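The following exercises are to be worked with the sequence and the predicted model side by side. Each task is followed by a solution in steps.

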Amino acid sequence: MIYSMTGYASATGELNGFTWVWDLRSVNARGLDIRLRLPDGLDGVEDTLRKALKQKIARGNVSVTLRVSHPEDDGQYAVNPERLGQAISHLLAISTEAEMRGLAVTPVSPADIAQLRGVIEVRAADADSRSPLIDALKAQIPSLVDAFVAARQDEGQALSEILSGQVDQVDVLVGQAEALLDERSQAQADALRTALARVMDAVEGADEDRVAQELALIAVKTDVREELDRLRAHITVARSHLTAGDPAGRKLDFLMQEFNREANTLCSKAQFNELTRVGLDLKHVIDQMREQVQNVE
């Protein structure tokens, strides 16, 4: 079983007049990158969430947004003038420097500024009343993360079926290449005999044994059995990765490079139209596999 790096989960809740919405999603990435957008005044929620995600996820660009509201908001949120001034000053400095360097600057809305950490804060008098909310949010995190992991697992199952089908295609193509070897050998032998006859006719006193040895050496250099054997081995390893329980994305990514290397060598050494066609088909399927593997955790 493999897991996809793309996934989505959401959850809602309410307590003591507070309502909230979780939004958790991820896309592919080289490592694990967790980005959180949580309201201020929820001490401990961020640490709990990060630990829960790191325990269950190895790779992916993970984005989590939490929106908390209160329908009877009596002014528990307030603007921090000092933080607001600092934020505006920094934005102006960035904008000025960017314009001096010829960079386009996208206008920043008041809503964007309000989302900067510390600009909108919770009044100290309301901190104790938020303690039950914090406990409820922490308690909901495990089920939220489990739902997220289940979504990645479902997508991973679909992805595994696609990749398994592509590995089967590679297996079939390698079989076709192996079936062509005898026909290719006969064609090479005929070509070698024709070349040898031409050389003997054109070069007076040529050593027939020497010429035959040189032509035989060419045949050895174009042998592709080792490449096909390695492709067979890669197929076995790929299937084992697709059924393993641990994250296999990096292993499969490396394996795709090995698949591609053998397919390239096969094409360069083919010197037989039908074998070249099979080699090109192999490269096409392997390319499709590499695109899918980019989404595997």
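**Exercise 1.** Classify R101 as buried, partly exposed or exposed, and then describe the salt bridge between R101 and E97.

*Solution.* Step 1. The cut-off for the exposed class is a relative accessible area over 50%. R101 has a relative accessibility of 63%, and therefore counts as exposed.
Step 2. E97 has a relative accessibility of 36%, so this residue counts as partly exposed.
Step 3. In the salt bridge of E97 with R101, the closest N and O atoms are 2.8 Å apart. The bridge thus joins a partly exposed residue, E97, to an exposed one, R101.

**Exercise 2.** Which salt bridges does R230 form with E226 and with E227, and how are these residues placed in helix α6?

*Solution.* Step 1. R230 forms a salt bridge with E226, with 3.7 Å between the closest N and O atoms. A salt bridge also links the side chains of R230 and E227, at 3.4 Å from N to O.
Step 2. R230 and E226 are four residues apart in α6, and are therefore separated by about one helical turn. R230 and E227 are three residues apart in α6, again about one turn of the helix.
Step 3. The general rule behind this step is that an α-helix has 3.6 residues a turn, so residues three or four places apart point the same way.
Step 4. The accessibilities are then assigned. R230 is partly exposed, with a relative accessible area of 34%. E226 is exposed, at 51%. E227, at 5% relative accessibility, counts as buried.
Step 5. Elsewhere, salt bridges with shared partners join D168, D171, E178, R232 and R239 into one network. The count of salt bridges comes to 18.

**Exercise 3.** Compare the span of α8 with the expected value, and determine where its buried residues lie around the helix axis.

*Solution.* Step 1. α8 has 21 residues and reaches 30 Å from its first C-alpha to its last, close to the expected 30 Å.
Step 2. The residues of α8 that are buried are L275, V278, G279, L282, V285, I286, M289 and V293.
Step 3. Viewed down the axis of α8, these buried residues fall within an arc of 130°, so they line one face of the helix.
Step 4. The other side of α8 has N273 and E291 as exposed residues.

**Exercise 4.** Apply the reasoning of the previous exercise to helix α1 (residues 45-56).

*Solution.* Step 1. The 12 residues of α1 reach 17 Å from first to last C-alpha, close to the expected 16 Å.
Step 2. V45, L49, A52 and L53 are the buried residues of α1. Their arc, seen down the axis of α1, is within 95°, so they line one face of the helix.
Step 3. The face of α1 turned away from the buried side carries K51, K54 and Q55, which are exposed.

**Exercise 5.** Which residues touch the most other members of the largest nonpolar core, and which elements give two or more residues to this core?

*Solution.* Step 1. The largest nonpolar core has 33 residues, of which L163, V170, L228, F259, L275, L282 and M289 touch the most other members.
Step 2. The elements giving two or more residues to this core are α4 (131-202), α6 (225-243), α7 (249-270) and α8 (273-293). α4 gives the most, with nine residues.
Step 3. Leaving out residues up to four places away in sequence, L282 touches V170, L173, V174, L231, A263 and L266.
Step 4. A second, separate core has 27 residues, including A9, W20, L24 and V45.

**Exercise 6.** Describe the pairing of β1 and β2, and state where the positive phi values of N16 and Q271 occur.

*Solution.* Step 1. β1 (residues 7-15) and β2 (residues 18-27) pair in the antiparallel sense over nine bridges. A9 has L24 in β2 as its bridge partner.
Step 2. The two strands form a hairpin with two residues between them, and N16 in the turn has a positive phi of about 50°. N16 counts as exposed at 55% relative accessibility.
Step 3. Q271 lies in the loop between α7 and α8. Its phi is near 50°, a positive value in a residue other than glycine. At 57% relative accessibility, Q271 counts as exposed.
Step 4. For context, most residues other than glycine have a negative phi.

Notes:
Residues numbered from 1 in each chain as written. Predicted model: local features only at pLDDT ≥ 70, side-chain atom pairs only at ≥ 80, totals over all residues. Heavy atoms only, no water. Expected span 1.5 Å × (residues − 1). Buried < 20%, exposed > 50% of the residue type's maximum accessible area, 1.4 Å probe, protein only. Arc of directions from axis to C-beta. Pairing = 2+ DSSP bridges. Core = buried A, V, L, I, M, F, W, Y, C linked by side-chain atoms within 4.5 Å. Contact = heavy atoms within 4.5 Å. Salt bridge = Lys/Arg side-chain N within 4 Å of Asp/Glu carboxyl O.
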